[in-house]
Amino acid sequence: LQKQVRRLSVESAETRRIETAVLERLKDVLGVPLISRLQMVLPFAPLTDTHARTIVGNTIAAMSRELEKTKHLSVVPDASVLAALAEHSLTEDVGVRNVDHLVEDVLHELLGEVLQKSRHKKSYRLTRVSDTYKLV
């Protein structure tokens, strides 16, 4: 427990140092009058590819849960899908803000074909082959 407390104290000190440095840089770039009007500044680290893949996976999982309730089928993505959708949706300026629309577009087209059949499986794997998404 003492080790964890010491580690947290060091991280807190480092966090405070980083926050101070960010605020000083903001004052230099934007000017003191503008910065003084801000009530709070939240520094953050940009999303990584790993974060984007997790967000894509969570988005597909949420849509799959809804499909289970309404259409009695589920969709599970494979690694190629997570990688492709993460790469396509991640941008430096907005992160993965548009991932919902991207996933919805991919699934909507594929599920339309599946649901038109009189009988369909209960579980599908979403995969990507040669730049094409498929439900298998």
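**Close-up views of a predicted model**

**View 1. Helices α3 and α5 are oblique to each other, since their crossing angle falls outside the ranges for roughly parallel (under 35 degrees), roughly antiparallel (over 145) and roughly perpendicular (65 to 115).** This is a predicted model, in which local features need pLDDT of at least 70 and side-chain atom pairs count only at pLDDT 80 or more, while totals for chains, interfaces and linings use all residues. Residues are numbered from 1 along each chain as its sequence is written, and side-chain values use heavy atoms, with hydrogens and water left out. The axes of α3 (residues 49-71) and α5 (residues 99-116) come within 10 Å and cross at roughly 40°, and the crossing is right-handed.

**View 2. Residues of α3 meet residues of α5.** Contact here means heavy atoms within 4.5 Å; among the residues involved are Ile-55, Ile-60 and Lys-71 in α3, and Asp-100, Leu-107 and Leu-115 in α5. By class, this contact of α3 with α5 has 10 nonpolar, one polar and three charged residues.

**View 3. The largest nonpolar core has 24 residues.** Such a core is a set of buried (under 20% relative accessible area, 1.4 Å probe, protein chains only) Ala, Val, Leu, Ile, Met, Phe, Trp, Tyr and Cys residues joined through side-chain atoms within 4.5 Å. The largest share of this core, eight residues, comes from α5. Those with the most contacts inside the core are Ile-60, Val-75, Leu-85, Leu-126, Tyr-133 and Leu-135.

**View 4. Val-129 lies in strand β2 (residues 123-129).** Val-129 has 42% relative accessibility and therefore counts as partly exposed (between 20% and 50%).

How values were computed:
Helices (H or I, at least four residues) and strands (E, at least two) are DSSP runs, numbered from the N terminus. Axes are lines fitted to C-alpha atoms, for helices over the stretch in contact, and angles run from 0 to 180 degrees between N-to-C directions. A crossing is left-handed if the near helix is turned anticlockwise from the far one by less than a right angle, and right-handed if clockwise. Ala, Val, Leu, Ile, Met, Phe, Trp, Tyr, Cys and Pro count as nonpolar, Asp, Glu, Lys and Arg as charged, and the others, Gly among them, as polar.
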